[in-house]
Amino acid sequence: MSARSVDLYNITPMTINDLDEVYELELASYSFPWTKEILRDCILYNYNSFSVFFNNELIGYIISKITYPETHILNLTVNTAFRRKGIGQSLINLVINDAKLRKSEDIILEVRASNNEAQALYHKLKFKSIGIRRGYYESENGREDAYVLKLSL
Ligand SMILES: CC(C)(COP(=O)(O)OP(=O)(O)OC[C@H]1O[C@@H](n2cnc3c(N)ncnc32)[C@H](O)[C@@H]1OP(=O)(O)O)[C@@H](O)C(=O)NCCC(=O)NCCS
């Protein structure tokens with residue numbers, strides 16, 4: 001039997017060793033990225049976060065805070081070249097499962113009003129819109145609204 005290379009996806013809890021790559025992907029993905037300090041604190045304060053690697057390269061992550069009774073998803077990012085492969089959905093499903101184990105009752109998140117891709121993903125997973133935070137985000141043209149979405153577990 002001949003040996004052949006296999007493309008490997010690996011999802012692991014985020015560690016401080018991932019920080020540089022997480023920050024690099026954050027910078028590449030957002031006009032208003034989180035700072036490295038914020039990302040570091042999320043890891044150091046044990047936020048519930050996962051990194052996705054493809055052949056040892058970090059290509060996505062999710063950062064959440066699982067608490068009772070409410071869980072918050074704070075950041076979800078997938079490298080452009082790896083989108084529409086189910087990675088975002090898999091990361092959210094990991095958080096959903098952990099949140100259920102810890103008896104969390106709801107998952108809450110904010111999404112930019114202009115972010116149709118992320119909204120499509122959240123609606124596919126049955127998140128419902130429960131409100132608007134006016135001017136919540138910085139944007140190129142001043143401020144932008146956030147939709148608040150909730151998934152009841
Ligand atoms: C939003 C994001 C995380 C989605 O990640 P992803 O891995 O591409 O998402 P998935 O492949 O798991 O998509 C699952 C479903 O979501 C919907 N969806 C995702 N991206 C979509 C798009 N660009 N257009 C339409 N629907 C989309 C689809 O229903 C999709 O299922 P399908 O591919 O079978 O049709 C990714 O686009 C991203 O990193 N965007 C930039 C950062 C960002 O906006 N993060 C969210 C902040 S709130």
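This passage describes the sheet of a predicted model, a helix that lies across part of the sheet, and the residues around the ligand.

Seven strands form an open sheet, in which the strands follow one another in the order E1-E2-E3-E4-E5-E7-E6 and the pairing is mixed. The two edges of this sheet are occupied by strand E1, residues 9-13, and strand E6, residues 128-139, each of which pairs on one side only. On average, and with direction ignored, neighbouring strands of the sheet are turned by 25° against each other.

Within this arrangement, E4 pairs with strand E5, which spans residues 106-112, and the two run in the parallel sense over three bridges. For His72, the bridge partner in E5 is Ile108. E4 is also one of the strands crossed by helix H1, residues 19-29, which lies across strand E2 (48-54), strand E3 (57-66) and E4, and which runs at about 90° to E3.

The ligand is surrounded by 18 residues, of which Arg83, Gly88, Gln89, Ala120 and Leu121 come nearest. Two or more residues of this shell are given by each of strand E4 (70-78), helix H3 (87-101) and helix H4 (116-124). The largest share, five residues, comes from H4. When the shell around the ligand is sorted by class, seven of its residues are nonpolar, six are polar and five are charged. Strand E4 therefore appears in each part of this description, as it pairs with E5, has H1 lying across it and gives residues to the shell around the ligand.

Conventions:
Residues numbered from 1 in each chain as written. Predicted model: local features only at pLDDT ≥ 70, side-chain atom pairs only at ≥ 80, totals over all residues. Near = placed C-beta within 6 Å. Helix = DSSP H or I, 4+ residues; strand = E, 2+ residues; numbered from the N terminus. Nonpolar A, V, L, I, M, F, W, Y, C, P; charged D, E, K, R; others polar. Pairing = 2+ DSSP bridges. Axes fitted to C-alpha atoms, helices over the stretch in contact; angles between N-to-C directions. Contact = placed C-beta atoms within 7 Å.
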